[in-house]
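Trainee: Please choose one part of this model and look at it closely. After that, follow its links to other parts of the chain, and explain each term as you go.

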Amino acid sequence: MRKSSFFILISFVFVIVFSCDKKSKNKQEETILEGKVTILIDETLLPVIEDQVDVFENQYNASITLVGKSESEIVQLLSKNKQQLAILSRELTKNESEIFEIKKIKPRVTPLAIDAIAFISHKNNNDTLIDLEKVITFVQGKNQKDFKGLVFDNANSSTVRYIKELAKINVLPKEKIFSFQTNNEVIQFVAKNEGMIGVIGVNWLSEPTPKMKEIVNEVKVLSVKCLNSNNFVKPSQDNIASGLYPLTREIKMLNYQPFAGLGMGFASFVAGDIGQRIILKSGLVPVRIPNRNIKIRKEINNKK
């Protein structure tokens, strides 16, 4: 009996030690530059971050899975602590981050880039301009003759939330408002339907997939008439950077990991020199202007 009890005790201790050791190893598997991690991302922001992941994975022993979802879906998953990393155009509210406050986990919020919301129309439409005031009155339920309707990517997207906040409404009208699931679907719909206005993230136009390049050529980007101004401004990189374009938003990495993991490393990479150069090349605006090294030569050799 004593031998049997001793054997059971030894087995129990072995199981505990093995289990603890396994948990320790799992924690050590993910560092700021190594391991595997999943990052939720607002679908409207997906193209430019995909490029960042490709470069990051080539430089480090890391595997990052991006999962594109609507803003509302991502906020729900974060607020229930089902995911800990996300890239959004806003931070969580106090109520949404309550579960992390209870666990005393403070988020690391890293600004990554400046994005913009663009209006697009069919390429055959004569008008290349759109009045932001008329868009606001339209989503407030008042009819407009300038366009047949507005097309959004997703009813729960950050784009819809942005326009609703701008118009100071809680619900979009049901008539002449259409929504799909992705920005590409919006572009495809507008390319086939004259008179419709698409509302999308500008990086879907500057960084289209090979399959979407021809379809993007079938739409035109509209210049926006700013509120309280007669100026029409196109969502170019310069206008976004200078603040002239009225529909801009900051892309942020929200990190709720309770340890220094791959989320921290990736955020630092995107916010660093290489990552900001990728942002600049994509057509968006970096939060920090990348350094430029200029070499000054004392002599010029003219070789004929």
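Mentor: Helices (H or I, at least four residues) and strands (E, at least two) are DSSP runs, numbered from the N terminus. On that basis the protein chain has 12 helices and 13 strands. The model is predicted, so local features need pLDDT of at least 70 and side-chain atom pairs count only at pLDDT 80 or more, while totals for chains, interfaces and linings use all residues. Residues are numbered from 1 along each chain as its sequence is written, and side-chain values use heavy atoms, with hydrogens and water left out.

The part I choose is helix α6, which covers residues 158–167. A residue is called buried under 20% relative accessible area, exposed over 50%, and partly exposed in between (1.4 Å probe, protein chains only). In α6, 7 of the 10 residues are buried, so the rest of the structure largely encloses this helix. The buried residues are S158, T159, V160, R161, Y162, I163 and A167. For the protein chain as a whole, 43% of its 304 residues are buried.

What comes just after α6? K168 follows this helix, and its phi is positive, about 60°. The value is found here in a residue other than glycine. K168 sits in the loop between α6 and β7 (177–179). With a relative accessible area of 77%, K168 is exposed, whereas A167 in α6 is buried. N81 also takes a positive phi of about 60° without being a glycine. N81 belongs to another loop, the one between α3 (71–79) and β3 (85–88).

Now follow α6 to a partner elsewhere in the chain. S89 is placed in the loop between β3 and α4 (98–102). Its relative accessible area is 11%, so S89 is buried. Contact means heavy atoms within 4.5 Å. Not counting residues up to four places away in sequence, S89 touches S158 and R161, along with D42, L45, E71, R249 and E250. S158 and R161 are both among the buried residues of α6. A third residue of the helix, Y162, is 73 residues from S89 along the chain, and their C-alpha atoms are separated by 9.7 Å. Links across the sequence appear in the chain's totals as well: among contacts between residues at least 6 apart in sequence, 75% join residues at least 24 apart.

A second meeting point lies around strand β13 (residues 285–286), which holds V285. V285 is buried, at 8% relative accessibility. Leaving aside neighbours within four places in sequence, V285 is in contact with A113, I114, Q237, I240, A241 and I279. One of these, A241, lies in helix α10 (residues 237–242). A241 counts as exposed at 52% relative accessibility. The C-alpha atoms of A241 and V287 are 9.2 Å apart, with their positions 46 residues apart along the chain. For V285 and N239, also 46 residues apart along the chain, the C-alpha separation is 9.7 Å.

Another partner of V285, I279, leads to helix α12, where I279 is one of the residues that meet α2. On the α12 side the contact has I274, G275, I278, I279 and S282, and on the α2 side it has V48, D51, Q52, V55 and Q59. Counting Ala, Val, Leu, Ile, Met, Phe, Trp, Tyr, Cys and Pro as nonpolar, Asp, Glu, Lys and Arg as charged, and the others, Gly among them, as polar, this contact has 5 nonpolar, 4 polar and 1 charged residue. Axes are lines fitted to C-alpha atoms, for helices over the stretch in contact, and angles run from 0 to 180 degrees between N-to-C directions. Helix α2 (residues 46–59) and helix α12 (residues 273–282) pack at about 145°, and their axes are 10 Å apart.

One more loop is worth a look. N125 lies between β4 (108–122) and β5. At 14% relative accessibility, N125 counts as buried. Apart from neighbours within four places in sequence, N125 contacts E194, G195 and K220.

To sum up the chosen part: α6 is largely enclosed, with 7 of its 10 residues buried, S89 touches its residues S158 and R161, and the exposed K168 follows just after the helix.
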